[in-house]
Amino acid sequence: TRGPTRCVRRLQRLRGLGVACFVRFSHGGDPGLLLDLLELPALNDIQLNMGSLYDEHQPWTHLVSLLERSQANLGLLNLNGTPMSADEVLQCLRLSPALWFLKTDIIGDCMFKALTPNYVDTGSLDEDALTVDEQFTVRSKSSDGNGFLCPGLLAMEVENLDDCSLHAIYN
């Protein structure tokens, strides 16, 4: 027999979602199951606190899927103890170009590099002739011509730097 049909629920006006989970996933407490049932087009703020209660890392793409499905303009992302890899968090950041606040305990050199604009030699440009937006665009391009992630990021809190050499920031 098949289990119950799961319908995605569209909550048109919900702007914020906070989920705290303090039950081991092996006991059925995975909040990803809730995220899989939601479509939140107005979502601006998501806070996930899972207290690191997972047995081992397996792909946890529930948040990425929610952001893709909702096509929301996320401004605040708070991840604490989620079983996400740095690559999965990077996917969330790619889907959140308007992000202005990031709090996470999942950070590594690849994330710092993706969030940090490379130095651009503007010596050959007449910056006085450029608008403020044009100056920002020139300065926010990396050496390969692609912009860095989350150019409007104003605040970031990092709780664990164990996997990060900070090389992307000072090099």
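The aromatic pairs come to 1 in this structure, which is a predicted model. The partners are W100 and F101, in a tilted arrangement with 5.9 Å between the ring centres and 55° between the planes. An angle of 55° is neither under 30 degrees nor over 60, so the pair is classed as tilted. W100 is partly exposed, because its relative accessibility is 38%. F101 has a relative accessibility of 13% and therefore counts as buried.

**Overall make-up**

The protein contains 6 helices and 7 strands. Their order along the sequence is β-β-α-β-β-α-β-α-β-α-α-β-α. Of its 171 residues, 36% are buried. The accessible surface is about 10,200 Å², and carbon and sulfur atoms account for 50% of that area. Among contacts with a separation of 6 or more, 77% join residues 24 or more positions apart.

**Confidence**

Mean pLDDT is 78 for the protein, with 65% of the residues at 70 or more. Residues 119-125 have pLDDT below 50, and this stretch makes 7 contacts in the model beyond near neighbours in sequence. Another stretch with pLDDT under 50 covers residues 135-145, where the model has 23 contacts beyond four places in sequence.

**Nonpolar core**

In soluble globular proteins, nonpolar side chains tend to be buried together. Here the largest nonpolar core has 33 residues, and the members that touch the most others are I46, L48, L63, L77 and L93. Two or more residues of this core come from each of β2 (16-20), β4 (45-49), α2 (62-70), β5 (76-80), α3 (86-94) and α4 (109-115).

I46 can serve as a worked case. Leaving aside residues up to four places away in sequence, I46 touches L17, L35, L63, L66, L74, L76, L77 and N78.

Helix α3 is another contributor to this core. Its buried residues are E88, V89, L90, C92 and L93. These buried residues of α3 pack against α2, β5, β6 and α4.

G108 is found in the loop between β6 (101-104) and α4. With a relative accessible area of 6%, G108 is under the 20% limit and therefore buried. The C-alpha atoms of G108 and S85 are 9.9 Å apart in space, while the two residues are 23 positions apart in sequence.

**Salt bridges**

Side chains of opposite charge can pair when their charged atoms come close. The whole structure has 3 salt bridges, listed here with their N to O distances.

| Residue | Partner | N to O distance |
|---|---|---|
| E39 | R10 | 2.4 Å |
| E157 | K103 | 3.7 Å |
| K103 | E159 | 3.4 Å |

The salt bridge between E39 and R10 has its closest N and O atoms 2.4 Å apart. E39 belongs to strand β3 (residues 38-39) and R10 to strand β1 (residues 9-10), so this pair ties together parts 29 residues apart in sequence. The two ends differ in burial class: E39 is buried because its relative accessibility is 18%, whereas R10, at 45%, is partly exposed.

E157 and K103 also meet through their side chains, at 3.7 Å from N to O. This pair links distant parts of the chain, with E157 in strand β7 (residues 155-158) and K103 in strand β6, 54 residues apart. E157 has a relative accessible area of 38% and so is partly exposed. K103 is partly exposed as well, because its relative accessibility is 21%.

In the salt bridge of K103 with E159, the closest N and O atoms are 3.4 Å apart. K103 lies in strand β6 and E159 in the loop between β7 and α6 (167-170), so the pair ties together parts that are 56 residues apart in sequence. Through shared partners, the salt bridges join K103, E157 and E159 into one network. E159 has a relative accessible area of 47% and therefore counts as partly exposed.

Key
Residues are numbered from 1 along each chain as its sequence is written. This is a predicted model: local features need pLDDT of at least 70, side-chain atom pairs count only at pLDDT 80 or more; totals for chains, interfaces and linings use all residues. Side-chain values use heavy atoms; hydrogens and water are left out. A nonpolar core is a set of buried Ala, Val, Leu, Ile, Met, Phe, Trp, Tyr and Cys residues joined through side-chain atoms within 4.5 Å. Buried means under 20% relative accessible area, exposed over 50%, partly exposed in between (1.4 Å probe, protein chains only). Helices (H or I, at least four residues) and strands (E, at least two) are DSSP runs, numbered from the N terminus. Contact means heavy atoms within 4.5 Å. Rings of Phe, Tyr and Trp (its six-membered ring) pair if their centres lie within 6.5 Å; planes under 30 degrees apart count as stacked, over 60 as edge-to-face and the rest as tilted. Accessible areas come from the Shrake-Rupley method with a 1.4 Å probe; for residues, only the protein chains shown count as cover. pLDDT is the predictor's confidence in each residue, from 0 to 100. A salt bridge is a side-chain nitrogen of Lys or Arg within 4 Å of a carboxyl oxygen of Asp or Glu.
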